[in-house]
Amino acid sequence: MNQDGSYFSMTIPPSTAKATTPGVHGPDVPSVQPTPLKRVVSGAALKELLAGGGGTQAKTPSCEDTEFRAYAHSEIARDVATIKNSVVMHLTATFLRTPASMDSGHAYLASAFSVRDRLLQRWNLTNEYHDKIGAKRVYYMSLEFLIGRTFDNALLALQLRDEYAKVLGDVGFRLEDIIDEERDAALGNGGLGRLAACY
């Protein structure tokens, strides 16, 4: 703010500043209003509309790719070489690390992303199965929960703790040190929070 109480720099002419600043208009400066945007139909929706269609795009593919379906329905290989490729891929492509610029924090993140890939594939299969049988779903939302650390739990649930220990040992880390890199979520402290963490 200037000494005279104005917000405008002395290097900007007052008429210019007022004309380009919303809500600040003097009697001698015309108000500048932005042109309202108008939504238009374009791209594939426009072609479909011109061809006599309803203008809506399909939300599911018109054909099924058998290779994609086979990949989605097969478990990611559990061998050490596949796990190592996944961890190294996340180190180099997701976190842009080289062996010289990597530390235990990056090793944890890359390993966690690798585990997440496996969990997401199983989650997709579970959701697909529930959709297929028409299972009902119940959603429970809580703003407090004591979830704790999940990396070690996920490794135990996937029964891949020994394999990840071998992979991390190959790149120069102990699994126990990598597990310690995970921060504890420690959100909330109520009984309902503990209940929410179970679902």
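This is a short talk about a helix, a buried glutamine and the aromatic pairs in the structure above.

Hi everyone. Before we start, please keep in mind that this is a predicted model.

Let's begin with helix α6, which covers residues 151-158. Which residues of α6 are buried? They are F151, A154, L155 and L158. Now imagine looking down the axis of the helix: those buried residues fall within an arc of 100°, so they line one face of α6. And what do they pack against? Their partners are three other helices: α5 (104-133), α7 (161-170) and α8 (175-181). If you follow the chain just past the end of α6, you meet Q159, which has a positive phi of about 55°.

Next, let's turn to Q121. You will find Q121 in helix α5. Is Q121 buried or exposed? Its relative accessibility is 10%, and the cut-off for buried is under 20%, so Q121 counts as buried. The side chain of Q121 has polar company, too. It reaches the backbone oxygen of Y71 at 3.1 Å, and it also reaches the backbone nitrogen of I76 at 3.2 Å. If we set aside the neighbours within four places in sequence, Q121 is in contact with Y71, A72, S74, E75 and I76.

Now for the rings. How many aromatic pairs does a search of the whole structure find? The search finds 2. One of them is formed by F95 and F113, in an edge-to-face arrangement with 5.1 Å from centre to centre and 85° between the planes. F95 sits in the loop between α4 (80-94) and α5, while F113 belongs to helix α5, so this pair ties together parts that are 18 residues apart in sequence. F95 is buried, at 18% relative accessible area, whereas F113 is partly exposed, at 26%.

There is also the pair of Y108 and F151. Why is this pair called edge-to-face? The ring centres are 5.5 Å apart and the planes stand at 85°, and edge-to-face needs an angle over 60 degrees, so the pair fits that description. Y108 is in helix α5 and F151 is in helix α6, 43 residues apart, and the pair links these distant parts of the chain. Y108 counts as buried at 14% relative accessibility, and F151 is buried as well, with a relative accessible area of 4%.

That brings us back to where we began: F151 is one of the buried residues of α6. Thanks for listening!

Methods
Residues are numbered from 1 along each chain as its sequence is written. This is a predicted model: local features need pLDDT of at least 70, side-chain atom pairs count only at pLDDT 80 or more; totals for chains, interfaces and linings use all residues. Side-chain values use heavy atoms; hydrogens and water are left out. Buried means under 20% relative accessible area, exposed over 50%, partly exposed in between (1.4 Å probe, protein chains only). Helices (H or I, at least four residues) and strands (E, at least two) are DSSP runs, numbered from the N terminus. The arc is that of the directions from the helix axis to the C-beta atoms. Contact means heavy atoms within 4.5 Å. A polar contact is a pair of N or O atoms within 3.5 Å; within protein, one must be able to donate a hydrogen and the other to accept it, and residues adjacent in sequence count only if both atoms are side-chain atoms. Rings of Phe, Tyr and Trp (its six-membered ring) pair if their centres lie within 6.5 Å; planes under 30 degrees apart count as stacked, over 60 as edge-to-face and the rest as tilted.
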